[in-house]
2 protein chains.
Amino acid sequence: MAKRRTDGLSKEVIVQAAAAILDDGGEAALTFRALTARLSTGYGAIYHHVANKSDLLAAATDAVITRVTSNAVVDAEPREALRTVSLGLFDAIDAHPWVGAQLSREPWRPALVEIYERIGGLLEALGVPERALFDAAGALVNYVLGVAGQNAANARLLAVDQGDRSAFLAGVSAQWASLDPARYPFVHKAATHLREHDDREQFLAGVDIFLAGIAALHQRRTS
Amino acid sequence: MAKRRTDGLSKEVIVQAAAAILDDGGEAALTFRALTARLSTGYGAIYHHVANKSDLLAAATDAVITRVTSNAVVDAEPREALRTVSLGLFDAIDAHPWVGAQLSREPWRPALVEIYERIGGLLEALGVPERALFDAAGALVNYVLGVAGQNAANARLLAVDQGDRSAFLAGVSAQWASLDPARYPFVHKAATHLREHDDREQFLAGVDIFLAGIAALHQRRTS
DNA sequence: ACCTGAACACCGTTCAAGT
DNA sequence: ACCTGAACACCGTTCAAGT
């Protein structure tokens, strides 16, 4: 250590190192000090390629999302392609929770443009009429972002408490079950389902509700 | 200044002061130094009532959300009550963007339990069958959280750039319009809609898609 | 052009000491 | 029991100086 790098630094190398730190230790672990240590360099070298920490996080997020959205789903009908792309986003965010937190934070960045393009394009291919297209795309993208935020939050909690996922769910479930059924009838009942539910399946169920809603709204003849 | 408080401190007073600072200057403005100055007290006094900064943010969020969810919508049919509660959450998050950021961050806290209870309860009143109820509530809550995150991000950007809302939208719209129509056909087309759209209306359109989807899925007889 | 690393201006949080 | 504020262990970011 403490020896000088022989190869040149680049934004790509920096972003890759940042992503590795984020995957290993979560958002709190990404500091410029950790980054300089991993890259055997100084602060200024990093700032020469990257504007600031926010820029770095955004670039790392863009890289992950582009990998998912550019995965062409060949010869699949739009409905199935939408489910595949949605699930791809879900899995990517599950594997890299910091992406979820970032997506709910800087929506004008390239990563979100990619997502809008992919989902909007598939909805159009599905036959959603133009007047309904933008509301539909906005709703579906916001749903995905909502799940992304939740995933990130759960991952953060799991990182703090050492316990595994099922222990965590059991804990929240017990907490929900202990609420007064008179004041919280729904949440009290939901406690059981929470313990048994599958995140991926529930996510897909939400996508299906959306697609059914879009179909229902633009096909009915009477108000 | 620098004079000692005569009245005692309480968690409620601290949380209220924190909310005022957040409303005035955004999330970055809430520091323990700013809080001690506003309350004419020391750090230890605050830590005596509040575990840490995360606890403080969560408590402030709970207070805002409870105000919305406890607003009983009397004698309204479930469908209309769902729209009213959703819009109430949208407006509250619009007025306090830090609530949006926080909601996508600590989902096991009381604020989210309140939201699940309200929305889940209304979906049940709408006649959604039990087997579909929890997926439906999860999807709708995640949609609301997604919009919450976006709202918070937009507010953060508007706070940095001095420009107003329409100037911001015009800027993003111009950026989208400048994208290559061959590579980004949907986003390129969406640029116009983005400039003209109404956030509240689009949010409600998403809620309607959901409700239509839930109705469609649990009423159809054939698969 | 690209890199180094001491220094600056902040943070959240702790804790011995006060009343 | 409740409060004070100096001190600690961090941050992101800058910038004069090097190659």
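Which of the 21 residues around DNA strand D come nearest? They are Arg33(A), Lys53(A), Thr41(B), Gly42(B) and His49(B). The legends below describe a predicted model.

**View 1. Residues around DNA strand D.** Both chains appear among the nearest residues: Arg33(A) and Lys53(A) from one, Thr41(B), Gly42(B) and His49(B) from the other. By class, the surface near strand D holds seven nonpolar, 10 polar and four charged residues. Of the strand D atoms within 4 Å of the protein, 51% belong to sugar or phosphate. The rest belong to bases.

**View 2. Polar contacts to DNA strand D.** Lys53(A) places a polar side-chain atom 2.7 Å from a phosphate oxygen of strand D. Phe32(A) uses a backbone N or O atom, 3.1 Å from a phosphate oxygen. Tyr43(B) has a polar backbone atom 3.4 Å from a base nitrogen.

**View 3. Helices at DNA strand D.** H2 (32–39) and H3 (43–49) of chain A, and H3 (43–49) of chain B, each supply at least two residues of this surface. H3(B) gives the largest share, five residues.

**View 4. Residues around DNA strand C.** Here 21 residues surround the strand. Closest are Thr41(A), Gly42(A), His49(A), Arg33(B) and Lys53(B). The surface has seven nonpolar, 10 polar and four charged residues. H3(A) provides the largest share, five residues.

**View 5. Polar contacts to DNA strand C.** A side-chain N or O atom of Arg33(B) lies 2.8 Å from a base nitrogen of strand C. A polar backbone atom of Tyr43(A) is 3.4 Å from a base nitrogen. Phe32(B) has a backbone N or O atom 3.1 Å from a phosphate oxygen.

Key:
Residues numbered from 1 in each chain as written. Chains lettered and ligands numbered in written order. Predicted model: local features only at pLDDT ≥ 70, side-chain atom pairs only at ≥ 80, totals over all residues. Heavy atoms only, no water. Near = heavy atom within 4 Å. Polar contact = N/O pair within 3.5 Å; in protein donor to acceptor, adjacent residues only side chain to side chain. Helix = DSSP H or I, 4+ residues; strand = E, 2+ residues; numbered from the N terminus. Nonpolar A, V, L, I, M, F, W, Y, C, P; charged D, E, K, R; others polar.
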